Every structure is written in C-alpha cells, then in structure tokens.
Amino acid sequence: MENMVIIGSGPAGLTAAIYSARAGLKPVVLEGIQPGGQLVITNLIENYPGFLDGIDGPTLMMTLRSQAERFGARLKSGEVTAVDFRRKPFQVVVDGGEALEAKTIIIATGASAIYLGLESEQALIGRGVSACATCDAALYRDKAVAVVGGGDTAMEEALFLARFASRVTIIHRRDQFRASKIMIERVLKNPKIQVLWNSVVIEVLDVVRREVVGLRLKHIQTGAISDLPVEGLFVAIGHRPNTEPFAGQVATDKTGYILTDHTRTNIPGVFAAGDVQDPEYRQAITAAGSGCMAALEAERYLNA
Ligand code: NDP
C-alpha cells in the first residue's frame with residue numbers, strides 16, 4: 001500500500017510530489033494523458049515568479065519533474081479511470097486495469113479546454129479547429145485565422161497566432177474583453193489583430209468536412225449574419241475541470257470543480273490541488289502553491 005498517490009502531473013501535482021517526497025512519503029505520481037499538464041502546450045510563461053525573461057512551459061515542467069524524482073517521487077504513466085474513496089485504503093484504478101491502494105490521495109488532474117459545441121466545429125477538430133495555438137499556430141503561416149473568446153487565453157492565443165498568420169480576427173460575444181489590461185493593450189496595438197465585437201460563431205464552414213474555409217457569424221444585437229473567410233478557428237472560451245473519474249466519490253460544485261476547505265475535500269484523506277478545485281485563479285503559481293498546501297495537509301493527516 002502507498003502512503004500517497006498523486007493524480008496528475010501539472011504544477012499542482014509535481015509541487016505536491018516535491019514536498020511529500022522531501023517528507024519521506026515516497027509518493028506515486030500518476031502522470032495522466034498529458035504529462036506536465038496544460039503548461040506543456042504553453043509557449044512562454046512570463047508571470048511565474050523567479051524567471052526574469054520568462055520560461056517556456058515544457059522546460060518548467062521537465063524541471064519540476066526532475067526535482068520531484070530527485071527527492072524520491074515515483075512517476076508512473078497512465079490515466080486514472082476509476083476510484084473508490086468509500087473504502088480504506090483508497091483505491092485508484094489505472095487505465096482500467098491495475099489498482100493502486102493508498103492511505104492518502106491528492107487529486108491534481110487540472111482542467112481541459114471547452115469547445116463551442118457546434119456540430120460543424122466538432123467535425124473539424126484537428127482539421128482547422130483547435131484549442132491550442134502553441135501546438136498548431138505554425139500550420140497557419142500567412143493564412144487568416146480567428147480566435148473565439150475574450151479572456152486572457154484568447155488574448156494569448158491571438159498574440160501568438162499573429163506571429164505566423166496573415167490576419168487574426170478575435171470574435172467576442174460582448175463589447176468588452178474580460179482579459180487583463182496588459183494583454184488587452186498588446187492585442188489592440190497589434191496591427192495584425194482585428195476584433196469583431198458582439199458576435200458569435202454559428203457555423204464553421206468547410207469543404208465537405210475536410211478543411212475550414214470560413215465562419216458564419218451572427219451579430220448579437222442586430223441579428224445580422226455574415227461570413228468570415230479563415231482557414232483556422234482557435235477556440236479559447238475557458239476550461240472544464242477533469243473530474244470524470246471522481247464523479248459521485250467526492251463533492252463538487254455544479255460545474256464539476258472539487259469543493260475544498262484549504263485543500264481538504266469532503267473525504268478525510270483525499271485532497272485536491274490546482275485547477276481541478278479552482279474556478280477562480282487558475283494560474284501555474286497558484287496551482288503550485290495549492291499543491292504544496294495539499295502535501296502539507298496530507299502529511300499532517302498521516303501523522304495524526
Ligand atoms: P475566461 O473564463 O477568463 O474567459 C472565457 C472567455 O470566453 C470569456 O471572454 C467568455 O465571454 C468567452 N466565452 C465563454 N463561453 C463562450 C461561448 N459559449 N461562446 C463564446 N464565448 C464564450 O477563460 P480563460 O481561459 O481566458 O482564462 C481562465 C483563467 O486563466 C483566467 O483567470 C485568466 O486570467 C487565466 N489566464 C492567465 C493567463 C496569463 O496570465 N498569462 C493566460 C491564460 C489564462 P464573456 O467574457 O462574455 O463571459
């Protein structure tokens with residue numbers, strides 16, 4: 001039986017691993033489908049303290065990973081498909097097969113991009129529709145693309161795309177962005193970026209479901225319909241917590257975020273850290289901070 005199983009390997013999971021490994025708990029970290037979490041598909045992180053010129057996401061995550069291993073954390077690949085928190089020790093099923101038993105659990109499974117939910121959009125994911133500019137921007141060199149959303153993610157995606165694309169159109173459903181001021185200023189100053197306010201995408205246009213050729217838009221106030229020729233659509237409208245394997249096992253809010261008191265869930269011995277329990281801040285540094293808190297609280301629980 002393990003002292004601790006940490007589910008997820010983003011900044012929350014790996015910081016929990018560093019702290020609990022240093023406390024001699026020999027934690028097992030289950031890395032999940034995207035080892036390193038969302039930061040591995042992030043370009044330059046400029047607001048993580050300690051890096052004057054910023055640091056790229058994959059480098060930060062590889063460093064955290066090595067740091068956790070150096071202190072004795074055991075990283076295992078695999079995705080958690082089911083859990084049983086009603087019995088002790090807790091049980092965690094990996095890839096539908098092997099079951100691990102643990103005295104404490106830290107859930108740090110993060111969040112995933114939300115799509116618009118249009119049938120035409122779903123049919124074209126990977127063929128012109130994307131939720132990751134860092135992954136796909138280079139495919140759109142000298143092409144026109146659009147970004148949907150008005151938060152920091154949308155601004156970041158648009159700025160990154162503008163390095164490659166001929167034109168970037170941000171489509172936003174209101175007449176003001178919710179992103180931070182510095183990001184809005186950078187976007188509005190960029191000559192390659194234009195904004196269509198009060199507009200929504202109602203259909204992704206394509207050639208027999210092969211490639212995106214444009215977007216059908218609706219103006220929210222006038223109801224006017226128009227077509228925008230683009231070859232790529234980047235959806236940046238927020239994220240959903242990755243809590244499917246924990247359904248019914250741990251208390252969540254109505255959108256699926258795990259409810260925590262500090263990092264304690266409603267099940268003693270089960271803790272949650274990072275984006276999976278944080279609909280508000282969702283920053284790499286807050287995720288790392290809550291990973292530290294979860295490790296300290298789990299250690300206290302084990303010593304009580
Ligand atoms: P947000 O929730 O902040 O923004 C989502 C945006 O998408 C909003 O503008 C929202 O519109 C719009 N939207 C939501 N649903 C739809 C829909 N169905 N159709 C059209 N538009 C829709 O998410 P983000 O991912 O941008 O940011 C999440 C958090 O991460 C924030 O706290 C942000 O500050 C942080 N972040 C920080 C970064 C940084 O500091 N470098 C980089 C990226 C993210 P509306 O405004 O009308 O609600």
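Colleague: Which residues form one aromatic cluster in this structure?

Modeller: The cluster is formed by Phe85, Phe90 and Phe246. Please keep in mind that this is a predicted model.

Colleague: How should one read a pair of aromatic rings, and what are the centre-to-centre distance and the angle between the planes for phenylalanine 85 and phenylalanine 246?

Modeller: In general, a pair of aromatic rings is described by how far apart the centres are and by the angle of the planes. There are seven aromatic pairs in the structure. One of them joins phenylalanine 85 and phenylalanine 246, with 6.3 Å centre to centre and 15° between the planes, and is stacked. This pair links distant parts of the chain, for the two residues are 161 residues apart. Phenylalanine 85 belongs to the loop between β6 and β7, and phenylalanine 246 to the loop between β18 (239–241) and β19 (270–272).

Colleague: Are phenylalanine 85 and phenylalanine 246 buried or exposed?

Modeller: Both phenylalanine 85 and phenylalanine 246 are buried.

Colleague: The loop between β6 and β7 has been mentioned. Where does a cis peptide bond occur, and what is its omega?

Modeller: The bond between lysine 88 and proline 89 is a cis peptide bond, with omega at about 0°. Proline 89 is in the loop that runs from β6 (80–84) to β7 (90–94).

Colleague: How does one read strand pairing, and in which sense do β7 and β8 pair?

Modeller: Strands of a sheet pair through backbone hydrogen bonds, and the pairing is either parallel or antiparallel. Here β7 and β8 are antiparallel and share four bridges. Glutamine 91, for instance, has glutamate 101 in β8 as its bridge partner. Four residues lie between the strands of this hairpin, in which aspartate 95 has a positive phi near 50°.

Colleague: With which strands does β8 pair in the parallel sense?

Modeller: β8 (residues 99–107) runs parallel to β1, to which five bridges join it. β8 also pairs with β19 in the parallel sense, over three bridges. Isoleucine 107 appears in both pairings: isoleucine 7 stands opposite isoleucine 107, and alanine 272 in β19 is the bridge partner of isoleucine 107.

Colleague: What is the order of the strands in the five-stranded open sheet?

Modeller: The order is β10-β17-β11-β12-β13, with parallel pairing. β10 (129–130) and β13 are the edge strands, since each pairs on one side only. Within the sheet, β11 (residues 144–148) and β17 (residues 232–235) are joined by four bridges. Alanine 146 has leucine 233 in β17 as its bridge partner. Helix α5 lies across β11, β12, β13 and β17, at about 170° to β11.

Colleague: How can one tell which side of a helix faces inward, and which residues of α6 are buried?

Modeller: One looks for where the buried residues lie around the axis. In α6 (residues 181–189), the residues Met183, Ile184 and Val187 are buried. They are on the same side of α6 because they cover an arc of only 100° around the axis. Lys181 and Lys189, on the other side of α6, are exposed. The buried residues of α6 pack against α5 (152–162), β12 (167–171) and β13 (193–196).

Colleague: How many residues does the largest nonpolar core have, and which of them have the most contacts inside it?

Modeller: The largest nonpolar core has 30 residues, and Ile6, Leu60 and Ile106 have the most contacts inside it. At least two residues of this core come from each of β1 (2–7), α1 (11–22), α2 (57–70) and α7 (284–303). Beyond its neighbours up to four places away in sequence, isoleucine 6 touches residues including Gly13, Ala16, Val28, Leu30 and Ile106. There is also a second, separate core of 25 residues; among them are Val145, Val168, Ile184 and Ala236.

Colleague: What is the phi of lysine 26, and what is that of asparagine 198?

Modeller: Lysine 26, although not a glycine, has a positive phi of about 45°. The residue sits in the loop between α1 and β2 (28–30). Asparagine 198 is not a glycine either, and has a positive phi of about 50°. Asparagine 198 is placed in the loop between β13 and β14 (199–207).

Colleague: Why does lysine 26 count as exposed, and why does asparagine 198 count as buried?

Modeller: Exposed means over 50% relative accessible area, and buried means under 20%. Lysine 26 has 53% relative accessibility and therefore counts as exposed. Asparagine 198 has 11% and therefore counts as buried.

How values were computed
Residues numbered from 1 in each chain as written. Predicted model: local features only at pLDDT ≥ 70, side-chain atom pairs only at ≥ 80, totals over all residues. Heavy atoms only, no water. Buried < 20%, exposed > 50% of the residue type's maximum accessible area, 1.4 Å probe, protein only. Arc of directions from axis to C-beta. Contact = heavy atoms within 4.5 Å. Pairing = 2+ DSSP bridges. Axes fitted to C-alpha atoms, helices over the stretch in contact; angles between N-to-C directions. Core = buried A, V, L, I, M, F, W, Y, C linked by side-chain atoms within 4.5 Å. Phe/Tyr/Trp six-rings, centres within 6.5 Å; stacked < 30°, edge-to-face > 60°.
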